[in-house]
Amino acid sequence: MEITLTTPALLFPALSLLLLAFTNRFLGLASLIRSLKDRYATSRNQRVYGQIKNLRERLVLIRNMQAFGSLSMFGCVLCMFLLFADYREAGKYVFAFSLLMMLISLALAIREIQISVKALELELDDLQETAEK
C-alpha cells in the first residue's frame with residue numbers, strides 16, 4: 001500500500017469534529033453533575049446518587065475518548081512528518097497506530113452512549129414511579 005502525505009491529513013477533519021463532540025459531551029456532563037450534586041445534597045435521593053455514579057463512569061470514558069482521539073491526532077501529525085522526511089515504512093506504522101487509537105476512541109464513545117441510555121432509564125423510572133403514585 002502506498003501512503004502519501006495527504007493520506008493522514010484526511011483524518012484531520014474527522015478527528016477535529018470528534019474531539020469537539022467529546023468536549024461538548026464533557027461540558028454537558030459537568031453541568032449536569034453540578035446540578036445533580038445540589039439536588040442530592042438536599043434530597044438524599046438514591047436515584048439521584050445512582051445518576052451521579054453513572055455520570056462519574058461516563059466522565060472517565062469521555063476523558064479516555066479524548067485521550068485516544070488526541071493520540072490519534074498526534075499519530076497523524078507524526079506520520080505526516082515521517083512521510084515528509086521520507087521515512088515511508090515508519091510512516092505506515094505510525095498511521096496504523098493512529099487508526100487504532102481512533103478505533104479505540106470510537107469504541108469508548110459507543111460504550112459511553114450505552115451508559116448514557118442507562119442514565120435516561122433511571123430518570124424515566126423515576127418519572128414513571130411518580131406518575132403511578
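Student: How much area does the chain expose, and what share of it do carbon and sulfur atoms supply?

Tutor: The chain exposes about 8600 Å², and carbon and sulfur atoms supply 67% of that area. Accessible areas here come from the Shrake-Rupley method with a 1.4 Å probe, and for residues only the protein chains shown count as cover. Please note that this is a predicted model: local features need pLDDT of at least 70, side-chain atom pairs count only at pLDDT 80 or more, and totals for chains, interfaces and linings use all residues. Residues are numbered from 1 along each chain as its sequence is written, and side-chain values use heavy atoms, with hydrogens and water left out.

Student: What helices and strands does the chain have?

Tutor: There are four helices and zero strands, so the order from the N terminus reads α-α-α-α. Helices (H or I, at least four residues) and strands (E, at least two) are DSSP runs, numbered from the N terminus.

Student: Is the chain spread out or compact?

Tutor: It is more spread out than a compact globule, because its radius of gyration is 20 Å, well over the 14 Å that the globule rule gives for 133 residues. The radius is taken over C-alpha atoms, and the rule is 2.2 Å times the number of residues to the power 0.38. Along the principal axes, the C-alpha atoms fill a box of roughly 70 × 25 × 20 Å.

Student: What percentage of the residues count as buried?

Tutor: Of the 133 residues, 30% count as buried. Buried means under 20% relative accessible area, exposed means over 50%, and partly exposed lies in between (1.4 Å probe, protein chains only).

Student: Which residues touch the most other members of the largest nonpolar core?

Tutor: They are L11, L15, M65 and C79, in a core of 25 residues. Helices α2 (11-43), α3 (46-84) and α4 (88-132) each supply at least two residues of this core, and α3 gives the most, with eleven. A nonpolar core is a set of buried Ala, Val, Leu, Ile, Met, Phe, Trp, Tyr and Cys residues joined through side-chain atoms within 4.5 Å. In soluble globular proteins, nonpolar side chains tend to be buried together.

Student: What is M65 in contact with?

Tutor: Leaving aside neighbours within four places in sequence, M65 is in contact with F22, S105, L108, A109 and E112. Contact means heavy atoms within 4.5 Å.

Student: And where is L19, and what does it touch?

Tutor: L19 is in helix α2 and counts as buried, at 18% relative accessibility. Not counting residues up to four places away in sequence, L19 touches Q66, G69, S70 and M73. The C-alpha atoms of L19 and G69 are separated by 6.5 Å, although the two residues are 50 apart along the chain.

Student: Is S98 buried or exposed?

Tutor: S98, which is found in helix α4, counts as buried because its relative accessibility is 0%. Beyond residues up to four places away in sequence, S98 touches L11, S72, G75 and C76.

Student: What about N54, buried or exposed?

Tutor: N54 counts as buried, at 10% relative accessibility. N54 has its place in helix α3 and, leaving aside neighbours within four places in sequence, is in contact with I115, K118 and A119.

Student: How does R25 fit in, and what does it touch?

Tutor: R25 lies in helix α2 and is partly exposed, with a relative accessible area of 31%. Not counting residues up to four places away in sequence, R25 touches R58, I62, E112, I113 and S116.

Student: Turning to the loops, what is phi of R44?

Tutor: Phi of R44 is near 55°, a positive value in a residue other than glycine. Most residues other than glycine have a negative phi. R44 is found in the loop between α2 and α3 and is exposed, with a relative accessible area of 54%.

Student: And what is phi of D86?

Tutor: Phi of D86 is near 70°, a positive value again in a residue other than glycine. D86 has its place in the loop between α3 and α4 and counts as exposed, at 53% relative accessibility.
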